[in-house]
Amino acid sequence: MPATALGIGRVSIGSVEAFALVVRRELRLSFSRPQQLLQPLVFFLIVTTLFPLGLNLQPSLLRDMAPGVLWVAALLSSLLSLDALFKSDADDGTLDQLALSGQGLAVIVMAKTFAHWLVTGAALVLMAPLVAVALNIPGIAFATMLGSLTMGTLTLSWLGAIGAGLTVGLRRGNVLLSLIVLPLATPLLIFGAAATDRAISNSSVAGALYLLAALCVLTCTLAPLAATAALRITLE
Amino acid sequence: MWTWFYKLASPPYVYAVAAALAPWFLGLAALTIGYGVIDGLVFAPPDYQQGDAFRIIYVHAPGAWMSTFVYTMMAVAGAIGLIWRIKMGHAVAAACAPIGASFTVLALATGSLWGKPMWGTYWAWDPRLTSELILLFLYFGAMSLRSAFEDAAQGDRAAALLAVVGVVNVPIIHYSVVWWNSLHQGATVAKLGKPSMDASMLWPLLSMFLGFMLFFAAVLCTRLRGEILNRERQASWVRGAVNS
């Protein structure tokens with residue numbers, strides 16, 4: 001879908017309107033190809049199923065492993081879809097059009113990343129209770145698990161936007177993207193899994209959740225700038 | 001007053017300065033490291049708890065310090081290249097990356113060698129060890145991102161941006177022993193006031209720190225000259241510099 005068809009080419013619209021238009025465009029594009037939408041979610045399910053099968057665990061051991069398994073699977077499945085964040089738009093020139101549309105590139109990047117989070121991160125959070133039941137995570141931990149996953153996937157989408165922006169022009173950028181994003185995402189994994197772990201053992205989760213929230217605020221505010229700068233470098 | 005600073009953006013000038021400075025750095029590094037090694041490994045008394053095993057600190061601590069120092073320097077040089085579009089900034093950043101990665105490997109290797117007799121394990125998933133390992137991955141990421149681009153200038157800027165983003169890890173490494181209840185011991189040398197180390201052990205260690213910095217400066221000068229020659233290979237002054 002050309003960007004001009006959405007009226008993005010008109011300079012007169014405000015940033016909020018442009019943001020909403022880009023989000024709507026991204027969502028419409030995603031839902032026009034549902035199989036692409038489902039792939040990361042199915043991947044998430046398969047990975048979490050592989051762990052109990054491969055490790056042949058007792059239910060009690062499985063519960064100890066569950067937070068880590070859940071978070072690693074969430075990291076990997078988000079990463080899987082990150083490659084596509086800017087790629088198709090960069091390949092057919094839409095991204096250049098958007099960059100020249102008179103709207104700040106930061107607004108476009110924020111809208112695209114937010115839309116990406118809606119169809120991958122938020123969908124993954126909705127899917128998590130199903131996986132949690134299969135992994136033997138008790139019901140008392142669900143609220144913490146969902147809260148931490150929401151903040152975690154949001155943070156990850158932002159970190160991923162930096163990586164995707166840096167690798168968008170590269171032919172084999174996918175592995176490089178993982179190499180760049182995964183080290184930056186390790187604090188997320190540590191605190192996210194710790195929060196879920198502590199919720200399962202019914203101890204205080206506030207510390208880990210505060211740190212996750214801090215990471216989330218940090219990336220939501222600063223990562224758009226870095227991702228925009230990254231795109232400026234690679235779009236030239 | 002600022003002319004010396006502007007000159008630092010000129011490749012032939014930096015090339016000549018690096019060539020002139022490298023032997024001095026190398027000579028001073030040999031002196032300080034030589035003193036540190038002999039005094040630290042032979043004359044310093046053994047630790048009352050760790051015995052002779054503590055002596056690995058003379059390589060481990062300066063190596064670990066250099067791993068974060070070089071990363072910060074790489075990020076600052078990259079930022080200078082990114083913001084003011086100074087090519088020499090990117091050349092310095094590119095020259096720093098493999099040296100810093102080597103120091104990180106050195107810190108990790110000596111640390112795990114020390115960990116086996118002291119902690120009973122080569123590796124523990126401890127905050128400081130983990131964040132140091134992440135630092136190594138950040139070096140790898142910056143190096144592979146730089147080489148992934150066909151356009152060298154684009155690769156330089158992308159790697160610089162990644163280095164700047166990765167700087168958040170440096171304070172995490174430094175304060176990991178304070179923030180988390182870590183297996184790794186806290187600061188020994190850099191405490192203001194009274195260091196928790198006897199002078200007979202401390203002097204060789206400080207000498208090793210200085211020696212590692214000088215050694216880094218010497219290697220950086222040499223690598224930087226290589227980088228400049230490679231980057232400026234189309235320039236006419238390079239032909240003169242190589243043929244002379």
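Reader: What makes Asn136(A) partly exposed, rather than buried or exposed?

Author: This is a predicted model, so what we have is a count of neighbours computed from it. Asn136(A) has 18 other C-beta atoms within 10 Å. Buried takes 20 or more and exposed takes 12 or fewer, so with 18 Asn136(A) ends up in between, as partly exposed.

Reader: And where does Asn136(A) lie?

Author: You'll find Asn136(A) in the loop between helix 6 and helix 7 (142-167) of chain A. Its phi is positive, about 70 degrees, although Asn136(A) is not a glycine.

Reader: Chain B has a residue with a positive phi too, Arg85(B). Why is Arg85(B) called exposed?

Author: Count again: Arg85(B) has 12 other C-beta atoms within 10 Å. The cut-off for exposed is 12 or fewer, so Arg85(B) qualifies. Arg85(B) sits in the loop between helix 3 and helix 4 (87-119) of chain B, and its phi is about 55 degrees, though it isn't a glycine either.

Reader: How do you know that Ile83(B) is exposed?

Author: By the neighbour count once more. Ile83(B) has 11 other C-beta atoms within 10 Å, and since 12 or fewer counts as exposed, that settles it. Ile83(B) belongs to helix 3 (residues 57-84) of chain B. Its C-alpha atom is 27 Å from that of Ala218(B), a residue 135 positions away along the chain.

Reader: Let's step back to the whole of chain A. What is it built from?

Author: Nine helices and zero strands. Read from the N terminus, the elements go α-α-α-α-α-α-α-α-α.

Reader: What makes chain A as compact as a globular protein of that length?

Author: Set two numbers side by side. The radius of gyration of chain A is 19 Å, and the globule rule gives 18 Å for 236 residues; the values are close, so chain A is as compact as a globular protein of that length. Along the principal axes, its C-alpha atoms fill a box of roughly 60 × 35 × 30 Å. Of the 236 residues in chain A, 47% are buried. As for contacts between residues at least 6 apart in sequence, 80% join residues at least 24 apart.

Reader: Why are helix 2 and helix 6 of chain A called roughly parallel?

Author: Two packed helices are described by the angle between their axes and the distance between the axes. Here helix 2 (residues 34-55) of chain A packs against helix 6 (residues 105-134) of chain A at about 30 degrees, with the axes 10 Å apart. Angles under 35 degrees count as roughly parallel, so that's the name for this pair. The crossing of helix 2 and helix 6 of chain A is right-handed.

Reader: Which residues make the contact?

Author: From helix 2 of chain A they include Leu37(A), Leu41(A) and Phe44(A), and from helix 6 of chain A they include Val119(A), Leu124(A) and Met127(A). By class, the contact of helix 2 with helix 6 of chain A has eleven nonpolar, two polar and no charged residues.

Reader: How many residues of chain B are in contact with chain A?

Author: 15 residues of chain B, and they touch 15 residues of chain A. On the chain B side, helix 5 (127-148) and helix 6 (152-166) each give two or more residues. Helix 5 of chain B gives the most, with eight. The classes on that side of chain B come to ten nonpolar, four polar and one charged.

Definitions and conventions. Residues numbered from 1 in each chain as written. Chains lettered and ligands numbered in written order. Predicted model: local features only at pLDDT ≥ 70, side-chain atom pairs only at ≥ 80, totals over all residues. Helix = DSSP H or I, 4+ residues; strand = E, 2+ residues; numbered from the N terminus. Rg over C-alpha atoms; globule rule 2.2 N^0.38 Å. Contact = placed C-beta atoms within 7 Å. Nonpolar A, V, L, I, M, F, W, Y, C, P; charged D, E, K, R; others polar. Axes fitted to C-alpha atoms, helices over the stretch in contact; angles between N-to-C directions. Parallel < 35°, antiparallel > 145°, perpendicular 65-115°, else oblique. Left-handed = near helix turned anticlockwise from the far one by under 90°.
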